[in-house]
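Work through the exercises below with the sequence and the 3D structure open. Try each task before reading its solution.

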Amino acid sequence: MQQAKQILKTAFGYDSFRTGQEELVSGILAGRDAIGVMPTGAGKSICYQVPAAAMDGITLVVSPLISLMKDQVDALNQTGIPTTFINSTLTAAQLNTRFREIADGKYKLVYVAPERLESERFGRLLGELHIPFVAVDEAHCVSQWGHDFRPSYMSISRVLGLIRPRPVVAAFTATATDKVKEDIVRHLRLQDPVRVTTGYARDNLSLSVLKGADKKAYLADYVRSRPNDCGIVYASTRREVEDICSYLVKLGVRAGRYHAGLDEEERARGQEMFLYDELKIMVATNAFGMGIDKSNVRYVIHYNIPKNVESYYQEAGRAGRDGEPGECILLYAPQDVMTQKFLIEQGEGDEERKTIEYGNLHGMVEYCHTTECLQRYIVRYFGASDGEACGRCSSCTDDREVADVTLDAQKVFSCVARMKQRFGITMTAKVLRGANDAKVRQFGFEQLPTYGALSSRKEKDIVGLINVLVADGYMKLTDSQYPVLTLTMEAKAVLEGKEQVFQRVAPTVRSASREEQ
Ligand code: ADP
């Protein structure tokens with residue numbers, strides 16, 4: 001272990017191991033398999049890089065993140081640990097050279113994409129080399145239960161069988177439920193591994209969910225109130241990314257965009273500018289950030305609900321990696337859940353896979369509705385034991401008074417019923433507001449008794465009210481391209497005067513109305 005600490009200091013410049021690192025490194029150096037589950041930013045790489053540098057022979061690092069390999073390899077070479085990578089970006093000639101150099105023992109670490117492992121040539125090479133240690137990064141990719149299953153991960157253990165004697169195998173991931181952990185141990189055939197799961201709770205993050213907010217207005221207010229801070233705004237579709245980005249740019253904010261529809265050069269440039277604070281905000285799809293190491297991201301706003309808690313926490317966790325406070329805000333709207341369902345339906349997975357994905361999405365929707373501590377919800381989701389309530393999240397700090405909104409809710413439900421449950425949120429809000437609108441007149445809705453029933457409120461507030469009523473289960477949006485509002489049994493009970501509706505008003509709505517006074 002003395003040698004490991006020496007390497008940590010001289011090669012990486014760190015004085016001590018962080019929580020979890022020491023246990024994993026000493027276990028690996030003692031010849032034990034290992035599984036390390038540590039949140040993004042906790043320092044997983046050190047856990048295999050230090051043992052790799054300490055051992056005789058070559059360490060293989062299996063990683064799916066081709067775009068990051070080069071950076072990691074460059075960084076290791078700079079620290080004086082000779083490293084290379086094998087992936088699909090190499091030409092045949094480059095591949096020949098690398099194979100020769102690896103066989104000649106020129107490298108201590110070889111990063112390899114899982115697909116490459118399967119090639120016959122690589123298999124032959126494995127038989128000839130001395131490989132005492134294999135690290136599998138992003139190990140959750142081996143599990144069907146995980147959020148990022150990759151079939152190529154299934155063949156890792158077969159390939160490991162080609163290495164004699166059997167190497168020490170260590171698996172790493174940022175997020176794994178108990179089921180996923182068991183899958184990792186089983187599929188990679190880990191033998192009595194050292195298990196380290198460091199806390200999921202991040203004390204410097206404050207999590208919040210905002211329902212029923214006017215998202216664009218909220219975003220504009222938020223970024224303007226923090227002109228010097230860097231942040232990431234995640235949206236689910238490329239089109240939405242483009243739209244939000246140009247909106248922010250028009251406001252004079254230094255925002256950039258990142259999604260898989262941009263060419264590689266543009267993506268790399270954007271990423272670089274963000275890294276060096278030339279861009280303050282990156283608006284991106286989930287394509288952005290796998291392994292991004294920017295320490296001073298102060299906030300991560302999810303403009304749309306992501307597809308599962310694993311992805312959410314991984315993305316939100318990119319805030320505050322330097323240990324300073326970070327805000328993670330999710331702007332919830334029921335339509336976005338429909339979008340995610342649509343994406344699941346359109347996805348390539350079979351029925352079984354889709355059922356898993358629906359279940360994972362449900363966990364995310366529950367996160368948005370829960371009144372318990374959000375940090376605790378996440379910790380529990382990953383199967384860790386309950387901690388104290390964080391005292392920082394939107395559930396913990398929600399001291400707003402609960403208002404009785406039964407009367408307004410009845411007006412909304414009655415209007416939806418009178419519109420025969422055939423229209424969406426916007427149209428319903430227009431009727432309640434009493435808008436002088438051609439489409440409203442076309443259907444004769446200006447004749448309804450509920451026309452103008454909420455005329456004292458702004459249309460966007462009415463939209464907000466409707467959204468929260470949907471989120472709270474009084475109404476549903478149909479599963480279609482143009483989602484239509486329908487009433488549930490709960491709404492009927494309210495209409496019949498059997499139940500009351502209580503609501504907390506979203507902070508933006510509240511502050512907007514305060515300004516008007
Ligand atoms: P992960 O892969 O878990 O997301 P990284 O391995 O990228 O995290 O490490 C996150 C950051 O923490 C990096 O900047 C890394 O250099 C730093 N780091 C890792 N271990 C230590 C340590 N023992 N002391 C100080 N900094 C560390």
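**Exercise 1: A strand and its two faces**

Task: In this predicted model, decide which residues of strand E2 (residues 59–62) lie on each side, and whether they are buried or exposed.

Solution. Step 1: In a regular strand, side chains alternate between the two faces of the sheet. Step 2: Thr59 and Val61 are on one side of E2, and Leu60 and Val62 are on the other. Step 3: A residue counts as buried if 20 or more other C-beta atoms lie within 10 Å of its own. Thr59, Val61, Leu60 and Val62 are all buried, and both faces of E2 are therefore covered.

**Exercise 2: The partners of E2**

Task: Find how many bridges join E2 to strand E4 (residues 109–112) and how many join E2 to strand E5 (residues 133–136).

Solution. Step 1: Strands of a sheet pair through backbone hydrogen bonds, in a parallel or an antiparallel way. Step 2: E2 and E4 are linked by 4 bridges, in the parallel sense. Threonine 59 of E2 has leucine 109 as its bridge partner in E4. Step 3: E2 and E5 also run parallel, with 4 bridges between them. Here leucine 60 is partnered by valine 134 of E5.

**Exercise 3: An open sheet**

Task: Give the strand order of the open sheet with 6 strands and name its edge strands.

Solution. Step 1: The order is E8-E13-E12-E9-E11-E10, with parallel pairing. Step 2: Strand E8 (205–211) and strand E10 (255–258) each pair on one side only, and these are the edge strands. Step 3: On average, neighbouring strands of this sheet are turned by 15° against each other, direction ignored. Step 4: Take one pair as an example: strand E9 (residues 230–234) and strand E11 (residues 281–284) run parallel and are joined by 4 bridges. Valine 233 has valine 283 as its bridge partner in E11.

**Exercise 4: Two helices**

Task: Describe how helix H14 (residues 334–346) and helix H15 (residues 351–369) are oriented.

Solution. Step 1: Two packed helices are described by the angle and the distance between their axes. Step 2: The axes of H14 and H15 come within 10 Å and cross at roughly 165°. Step 3: Angles over 145 degrees count as roughly antiparallel, so H14 is roughly antiparallel to H15. Step 4: The crossing of H14 and H15 is right-handed.

**Exercise 5: Around the ligand**

Task: Count the residues around the ligand and sort them by class.

Solution. Step 1: The ligand is surrounded by 13 residues, and the closest are Tyr14, Thr40, Gly43, Lys44 and Ser45. Step 2: The shell has 5 nonpolar, 5 polar and 3 charged residues. Step 3: Helix H3 (residues 44–54) gives the most to this shell, with 3 residues.

Methods:
Residues numbered from 1 in each chain as written. Predicted model: local features only at pLDDT ≥ 70, side-chain atom pairs only at ≥ 80, totals over all residues. Near = placed C-beta within 6 Å. Nonpolar A, V, L, I, M, F, W, Y, C, P; charged D, E, K, R; others polar. Buried ≥ 20, exposed ≤ 12 C-beta atoms within 10 Å, placed from the backbone. Pairing = 2+ DSSP bridges. Axes fitted to C-alpha atoms, helices over the stretch in contact; angles between N-to-C directions. Parallel < 35°, antiparallel > 145°, perpendicular 65-115°, else oblique. Left-handed = near helix turned anticlockwise from the far one by under 90°.
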